[in-house]
Amino acid sequence: KIVKQLKKEYKEDLEKSKVRTEVNSPTDVEAPLEKTGQNKDIGQEDGTANSEHGEEEMEVESEKEEEKPKAGGAFSSALSSLNVLRPGEIPDAAFIHAARKKRQMARELGDFTPVDSEPGKGRLVREDENDASDDEDDDEKRRIVFTVKEKSQRQKIAEEIGIEGSDDEALVAGEQDEELSRWEQEQIRKGINIPQVQPSQPAEVNNVYYQNTYQTLSYGSSYGIPYTYAAYGSSETKSQKTDNTVPFKTPSNEMTPVTIDLVKKQLKDRLDSMKEMHKANRQQYEKHQQSQEDSTKAIERLEGSSGGIGERYKFLQEMRGYVQDLLECFSEKVPLINELESAMHQLYKQRASRLVQRRQDDIKDESSEFSSHSNKALMAPNLDSFGRDRVIYQEQVKRRTAEREARRARRRQAREQTGKMADHLEGLSSDDEETSTDITNFNLERDRILKESSKVFEDVVESFYSIDCIKSQFEAWRSKYFASYKDAYIGLCLPKLFNPLIRLQLLTWTPLEGKCRDFETMLWFESLLFYGCEEQEQVKDDADISLLPTIVERVVLPKLTVISENIWDPFSTTQTSRMVAIVQKLIDGYPSVVNAENKNTQMLLKALLLRMRRTLDDDVFMPLYPKNILENKNSGPYLFFQRQFWSSVKLLGNFLQWYGILSNKTLQELSIDGLLNRYILMAFQNSEYGEDSIKKAQSVIACFPKQWFTNLTGDKTISQLENFCRYLVHLADTIYRNSIGCSDVEKRNAREHIKQIIKLLASIRALDHAVTVANDHNVKEFKILIEGK
C-alpha cells in the first residue's frame, strides 16, 4: 500500500513540475538572487513564499558565506568578464549555460571557488510535506542556485549523445530529472521505515514487442527496493535495475520496432540456451545412469556375500559363547589347581629342608664331639625354651650318629662294588639318602596330590579342559576369519588361557630328579608346537609364533624359581648339574625369553643367588685343630677336618658351574671371596705342607673357569686370587726349607713339588709370583713349565 501511495504522489509531483517548468515564474528566478546576497530586500519581501525551514537554511548559508575567505584566481577573473545581471533581470538559457561551462573548466583546472555560500545546499529546497496548510503555489516554488555542481549521470549521458548546451529544454529536463530522483529518495527515507529487501531475480520477458519500452527508475537505493513498470500483456515482470546512477526517463509511448533480425537473434539465443540446458541434462542423466549401474553391482555383490557374513556371525557367536563358558570353568578350577601346585611344592620343600637340617645337625654333632673344649659342656647344653634336658639331647645325638655312620657305610660299600673307592675323597659325596619311612610318607602324599589333580576336571566336558580341543577351536577361528582373530588379540590371550592346564601337567615335574621328563617331550608341548603354522607364509608380527616361548616364560621359569629357592641343594653336585643344564637349555633354546630384561628371568637368577648365599652362610663349616691332632690320619678330628675341606671344595666347584649364566663379578664374589678366602685358605694354613697341600691346591684351581685367565693381560692374575697365590709361594718356600738336610730323593721330590707350584701359578696367570718362585729356588725350566701349563 505504501509503494502504491508513493507512486501516486510521484505522478502528481511530476505533472506539477512540468507545469512549473512551462510557467517559469519570476519567483523562481529571484530565488538565487536572494541566496547570493545581491538583493536582500527582495529576499525579505518574498519571505512569505518560503517556509520556516527555507529561512533557517538561508540564514545558515549566509553565516557560512561570511566565515569563508574570499577566493580569487583564474575562475574569478573569468567570471568578472561576464556581464553582471542587474537586480530583477532574469538570466536566459545561454547565460546559464556559459556560466556552467566556465565553472566546469575552473573545476578541472583546480582553481574553483563556489559562488554560493554552501555547495552542499545546491539542491532543490522543498517545504516539509507535512505542512499541508500552505498554499499549493508556494509549495511548488523552487529556487535555482547558481553554484557549480558535480555533473549528474544524465548530464554526462546527454553530452555523450550530443545534446547541445544551448538546448534549454534538455537542460531543464535533466535538472528536473535529478530533482525528481532526489525528491523521490527523500520521500522514501521519510515515509518508509522498512528493512532492506533484496531485489528479486530478473525474469525473462516473453513479450518481445514491448521490450525496453520503459526504463526502470531505482528509488530508495539505500533500501534496495526495485521500482519498475510492468510490460503490457506480460505474465512475468521485467528485469529490475538497481543502479542508482541511471536516471529515470519519462515513459514514452513509442515502441521498439520488431525486425526479422531481432526475432532471429532472440530465437538463436533461446536455441543456444536450450542446447546448453539439454547438454547439462544429458550429463546429469549419464551420471545417474552410472550411479544406478554401480548401485546394482553393489546390491548384487552384497547379496552374494550375505551368506558368508551370516556364517561368520554365527561362528563368532558360537565362539563367544564357548569362550565365556571356558572362562567360567577356569574361574572355578584355577583356585583348585593353585592349591594342588602349592601342596606339591610344599611337599618337595619339606623333603629338601629335612635333608639340609640333617646335614647341619651332623656337622654340629661332629664338631661338638671332636672339639678341644669341654665335651660335656658342648654335648650337654643348657635347657632350651622347650624344656629339653641333657639326657634326651644325648639320646638324639647318639641316634643321629648311628644313622649317619650307617649311611656312610652303605655309600662306601656301593663304591667298593663299582670300583670307585680309590678315587673317592670323604666329603665329596652328597648325603641325600632318605629313610624308608620318609620315602613312604613322601610317596603317599605325592600320590594323594596326583589323585586330587585327576579329579579337577572330572565334571567338565573334554572340550573345556583338553588342550587339543581348545586349540582346535581357536585354530578354526584363525583359519576361517584371521582378521577378526587378530583384532581380538587371541595370540596374546592363549598363553594365559593354557597356563592352568600346563601347570597341572607340570605338577610333579622337578628337573632335579634323574627320572624327570624333559618338558619338551610332554603332551602339552607337542600339541602346541605347530600351532599357527598351517599357512605357507607367516604373517608379520604374528603373536602365535611366540606361543611356546611365552608359555615357557610364564609357566616354566616361575616353576624353576620356586625349585631354586626351596628345593635345590647347592651342596649336591648332581642337583646343581641338572639345574645348570635346564637353565642353559632355556638360554640356548629360548634366547628371547631368558635374557636380563625379562622379569621372570630376573626373578629366577635372584632366587639362585639367594639360595647360594644362604648355603654359604648356614651350611659351610671349617673346624680348626692343632697340627699335632691332625698328624694322626685315622683320628676322628682329622677325618672330620678332611670331610669339611673337601665338601667346601665341592661347593666351590658347584658354584663355578654357573659360569656363563651368572656374571663373573657375582661368581667371584661368591666362590673366591666368600668361600675360598674365607674358609678354604684357612684350612690350607692348618694342613700339612707337602704333597697333600699341592693336591688340594690342584683341586681348587681345577674348579676355576679357564676363561677367567685367557683374556688377562700382563703378569698378574685377578685380584681376588692374590691371597691364594701368596699361599702357594709360601708353600714352595716351606717345602724347600723342609728339604734342607734331607736325602737326595727328598730334595728331588721337593724340587718337583716346587715345579708343580710354578705350573699352578702359571695356570691362573700369576706369572709374577711364578717368576719369584723360580728365581728363589733356581728353577731353570721356567719357560718350559710356563708353556706346558
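**Exercise 1. Find what share of the 789 residues in the protein is buried.**

Solution. Start with the cut-off: buried means under 20% relative accessible area, exposed over 50%, and partly exposed in between, with a 1.4 Å probe and protein chains only. Buried residues then make up 37% of the 789 residues. The model is predicted: local features need pLDDT of at least 70, side-chain atom pairs count only at pLDDT 80 or more, and totals for chains, interfaces and linings use all residues. Residues are numbered from 1 along each chain as its sequence is written, and side-chain values use heavy atoms, with hydrogens and water left out.

**Exercise 2. Describe the largest nonpolar core.**

Solution. Define the set: buried Ala, Val, Leu, Ile, Met, Phe, Trp, Tyr and Cys residues joined through side-chain atoms within 4.5 Å. The largest such core has 129 residues. Those with the most contacts inside it are Phe474, Phe519, Trp524, Trp658, Phe704 and Phe724. Helix 10 (residues 260-369) gives the most to this core, with 12 residues. Helices are DSSP runs (H or I, at least four residues), and strands are E runs of at least two, numbered from the N terminus. The protein has 29 helices and zero strands.

**Exercise 3. Check the length of helix 19 (residues 573-589), then locate its buried side.**

Solution. Take the expected span as 1.5 Å times one less than the number of residues. For the 17 residues of helix 19, that should be 24 Å. The end C-alpha atoms are 24 Å apart, so the two values agree. Next, list the buried residues: Gln575, Thr576, Met579, Val580, Ile582, Val583 and Leu586. They cover an arc of only 160° around the axis, so they sit on the same side of helix 19. The arc is that of the directions from the helix axis to the C-beta atoms. Their cover includes helix 18 (547-566), helix 20 (599-618) and helix 22 (636-656).

**Exercise 4. Place Asn654 and list what it touches.**

Solution. Asn654 lies in helix 22. Its relative accessible area is 2%, so Asn654 is buried. Contact means heavy atoms within 4.5 Å. Not counting residues up to four places away in sequence, Asn654 touches Pro570, Phe571, Ser572, Thr573 and Thr576. Asn654 and Phe571 are 83 residues apart along the chain, yet their C-alpha atoms are separated by 7.2 Å.

**Exercise 5. Decide whether Gln668 is buried or exposed.**

Solution. Gln668 lies in helix 23 (residues 664-686). Its relative accessibility is 12%, so Gln668 counts as buried. Leaving out residues up to four places away in sequence, Gln668 touches Asp673, Trp708, Ile718 and Gln720.
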